[in-house]
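The following note is offered to a colleague who is meeting this structure for the first time. Its points may be read alongside the sequence and the coordinates.

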Amino acid sequence: MRLSRYFLPVLKENPAEAKIVSHRYMLRAGMIKQASAGIYSWLPLGLKVLRNIERIVNEEQARAGHIPILMPTVQSADLWRESGRFDDFGAEMLRISDRHGRDMLYGPTNEEQVTDIFRSHVNSYKDLPLTLYQIQWKFRDEVRPRFGIMRGREFLMKDGYNFDIDYDAAIHSYNRHMVSYLRTYERMGLQAIPMRADSGAMGGDDTHEFLVLADTGESEVFYDSAILDMKFGDRDVDFDNVEECAGIAKDWTTPYARTDETHDEALFNEVPEERRKTSRGIEVGQIFYFGTKYSEAMGANVVTDSGDRVPVHMGSHGIGVSRLLGAIIEASHDDKGIIWPEGVTPFHCGIINLKQGDDEADAACEGLYAALTAAGLEPLYDDRNERAGGKFASMDLIGLPWRITVGPRGLKNGVVELTSRKTGESVEMPPEEAAAKVVAIYAAL
Ligand code: ATP
Ligand code: MG
């Protein structure tokens, strides 16, 4: 993309309404625009990151064997009356009536909708296990929408639902989700710690939240700092292997890590004092096992191999897709702007032309642009007729991990400059070498 033809409405001033850094940088980098309280338009740069996060979520769901579907945002109240949640959900649910006076709602979550799909089509234990998921907009009329997309009213969520024959099978699904989430967040450059949580309105016994440590997080968390040294990494997992998934889940849930809702002071005190940490955290996901709550209420049964009809065991598993943008920025920025992890960056590499209109500089930039594009990458070429200082400031603000700076002086010696946004380190090298370095970095992801 050439910046002269892009739509990147960067703001010079700090917007007064933004109280935390992620909100401030998202507005300043022209990623989002508030439409009304807690409701945002996604501008091109923000949309690109949102799509990258979705892509990683989809790839990791596929790896775990989960199947994508897409359910409507607007749902009929009748289904929610079957589960009893139409009355229970409270003021967070946006209730609508259509022209015929029928009660509808904008989905805050989809357990009822997916259970209805399941009961209409699945009858036999032979069709289990089954996990369906979607990435779809949700609406919750939050009392205090704030921090931009971090606590929105309309927000994008990955919500997945497992259907299993019994408790043990459902716990395997639970563990499978935990394992796949560990890798999902790591690919986004995040350390999201699974913490024992409170099941609240969903009902059920087993639930963990995934929290990213950040001063601006809304949850208070207590943890054993030993967990910070744990990396999931790039390992092969057999998601059908019950012991393997249970083992990984156990490893990751053994060090003490809880939110204030489930915090147990006595247990916490068993952690060696120097490893006992208290901090704030951003909830970026949650997994639940809730058993037969919905299947019993809504008649989602299957025939077992002995011919009995039993309600299926279910769980639901969410990732805050839009909130993740905020969480990533909270975890990765400096005073100049965002520092995107390579896994989610909106463009792979920035190209800055220090002297637009200079034949040699223009040609070198075009050459780099063509080489990176030919390798399947998306560079962002700042080809505007602007001062270098302004170009650097915008590039730092939008936070691309790599920048190649091209100027007549360097070109006289046959070099351009490759700069890491994260370390600030610059190295001079011939343009072909700079392009090849960037290509190699992304190829290794
Ligand atoms: P919270 O406690 O933050 O209100 P929740 O526990 O009610 O969230 P879940 O039902 O667990 O939310 O939804 C799954 C994920 O969706 C959450 O872990 C969070 O990352 C994201 N999420 C929930 N509410 C919002 C919101 N208002 N804005 C943005 N993301 C949200
Ligand atoms: Mg939650």
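1. Is Asp396 buried or exposed? The model under discussion is a predicted one, and in it Asp396 has a relative accessible area of 12%. Because the limit for a buried residue is under 20%, Asp396 counts as buried.

2. The surroundings of Asp396 deserve a second look. This residue is found in helix α12. Leaving aside residues up to four places away in sequence, Asp396 touches Lys336, Gly337, Ile338, Arg403 and Arg421.

3. Helix α12 also takes part in an enclosed space. The structure holds 1 cavity of 30 Å³ or more, and about 30 Å³ of space lies in the largest cavity. The elements that give two or more residues to the lining of that cavity are β20 (379-382) and α12 (388-398). The greatest contribution is that of α12, with 4 residues.

4. Which residues line the largest cavity? They are Leu3, Leu8, Leu380, Asp382, Arg384, Lys391, Ser394, Met395 and Ile398. By class, this lining divides into 5 nonpolar, 1 polar and 3 charged residues.

5. The metal site comes next. The magnesium ion (ligand 2) is coordinated by Glu283, through OE, and by Gln286, through OE1, at 1.9 to 2.2 Å. The two coordinating residues fall into separate accessibility classes: Glu283 counts as partly exposed because its relative accessibility is 26%, whereas Gln286 is buried, with a relative accessible area of 12%.

6. Both of these residues reappear in the description of the largest pocket. About 1,000 Å³ of space lies in this pocket. Its lining comprises 44 residues, and those nearest its centre are Arg140, Glu209, Glu283, Gln286 and Arg323. Thus Glu283 and Gln286, which coordinate the magnesium ion (ligand 2), are among the residues nearest the centre of the largest pocket.

7. What elements supply the lining of the largest pocket? At least two residues each come from β8 (154-164), β13 (276-291), β16 (313-319) and α10 (321-331). In terms of residue class, the lining has 14 nonpolar, 16 polar and 14 charged residues.

8. The second largest pocket has a volume of about 810 Å³. It is lined by 33 residues, of which Arg187, Pro341, Glu342, Gly343 and Leu445 lie nearest its centre. At least two lining residues are supplied by each of α2 (44-64), α6 (167-187) and α10. The largest share, 4 residues, comes from α2. The lining divides into 15 nonpolar, 8 polar and 10 charged residues. Helix α10 therefore appears in both descriptions, as it supplies at least two residues to the lining of the largest pocket and at least two to that of the second largest pocket.

9. The last point concerns a pair of strands. How many bridges join strand β22 to strand β23? Strand β22 (residues 416-420) and strand β23 (residues 426-429) pair over 4 bridges, in the antiparallel sense. Within this pairing, Val416 has Met429 of β23 as its bridge partner.

10. Strands β22 and β23 form a hairpin, with 5 residues between them. In the turn, Gly424 has a positive phi of about 80°. As a general matter, the side chains of a regular strand alternate between the two faces of the sheet.

Methods: Residues numbered from 1 in each chain as written. Chains lettered and ligands numbered in written order. Predicted model: local features only at pLDDT ≥ 70, side-chain atom pairs only at ≥ 80, totals over all residues. Heavy atoms only, no water. Donors = N, O, S within 2.8 Å, 3.2 Å for Na, K, Ca; no water. Buried < 20%, exposed > 50% of the residue type's maximum accessible area, 1.4 Å probe, protein only. Pairing = 2+ DSSP bridges. 1 Å grid on protein atoms, 1.4 Å probe; cavity = no way out; pocket = protein on both sides within 12 Å on 5 of 7 lines; lining within 4 Å. Points joined across faces, edges and corners; volume = space filled by probe spheres on them. Nonpolar A, V, L, I, M, F, W, Y, C, P; charged D, E, K, R; others polar. Contact = heavy atoms within 4.5 Å.
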